[in-house]
Amino acid sequence: MECRTDMPSVTLPCHQTMLRGVGVGRHGVNTNVFHPLVRPVPSLIDAARQRGLRTGSFYNWEQLRDLSDPGSLDVSHYCHAVDTAEGDQRVAETAVEHLERLDPGFAFVYFGHLDHVGHRDGWMSANYLDAIANADLCIGRLVEAQEGAGRLASTVVLVTSDHGGHERVHGTEMDEDMLVPWVLWGAGIRRGHAIEEQVELRDTCTTLAHILGVAPAPEWEGRVITQALAEPE
Ligand SMILES: [Zn+2]
């Protein structure tokens, strides 16, 4: 529950850190408006595609269209609804629809309603906790669909967040903004273990690449959180 995100603790910069395996100081995207990287760093999606895996992205905050290079996604689906719980459910249902056919090596799924409720009603407010429960149901739908397709035994799920928040804002260096959950579950993952080392959000890219057998890009600075992996049998 204490993965450290990046500064500024806002959505697009932190997602770039999460999926490009380098900090804001290196990728340079420091606002919610994307600009092409001066010194490019491939994202996990680019690297997965390079290795020949099918890739998908499903989200309801449109700025997340720039988490990979053009041509790296087999399916990219933006759902225009972030202001209701049903908006997140629509993202989940859209993902389920596509995942069944796509059988992706890697899929990114983003539920934005939580952030919307945080700004409207406050972080950790009753409505915020309801939005978390809704996001949890949405994740359950995805897992259920993988199970239905007979793919659960080879599925790994990583649940994390780009940032936290306090009162009705985020973006500062406060722990409330900076510390996020980082939960890894599934095939080859150690069960019932609380990770003891400090996880940084950029470790998401490198750890998932390791799990997927994708070669790490030389630019990536994140580590592989081997503590989360089960001992090979
Ligand atoms: Zn926000």
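Select helix H4 (residues 85-102) and the strands E2, E3 and E4: H4 lies across these three strands and runs at about 170° to E2. Angles run from 0 to 180 degrees between N-to-C directions, and axes are lines fitted to C-alpha atoms, for helices over the stretch in contact. Helices (H or I, at least four residues) and strands (E, at least two) are DSSP runs, numbered from the N terminus. This is a predicted model, in which local features need pLDDT of at least 70, side-chain atom pairs count only at pLDDT 80 or more, and totals for chains, interfaces and linings use all residues. Residues are numbered from 1 along each chain as its sequence is written.

Now show the strands alone. They form an open sheet in the order E3-E2-E4, with parallel pairing; two strands pair if DSSP finds at least two bridges between them. E3 (75-78) and E4 (106-109) are the edge strands, each pairing on one side only. Four bridges join E2 (residues 55-59) to E3. Select Phe58 to find His77 of E3 opposite.

Next, add helix H6 (residues 126-148), which packs with H4 at an angle of about 10°, the axes 9 Å apart. H4 is therefore roughly parallel to H6 (angles under 35 degrees count as such). Residues in contact (C-beta atoms, placed from the backbone, within 7 Å) include Val91 and Leu99 of H4 and Cys138 and Leu142 of H6.

Last, select helix H1 (residues 11-20): 10 of its 10 residues are buried, so H1 is largely enclosed by the rest of the structure. Buried means that 20 or more other C-beta atoms, placed from the backbone, lie within 10 Å of the residue's own. Gly21 follows H1, with a positive phi near 70°.

Conventions
Parallel < 35°, antiparallel > 145°, perpendicular 65-115°, else oblique. Contact = placed C-beta atoms within 7 Å. Buried ≥ 20, exposed ≤ 12 C-beta atoms within 10 Å, placed from the backbone.
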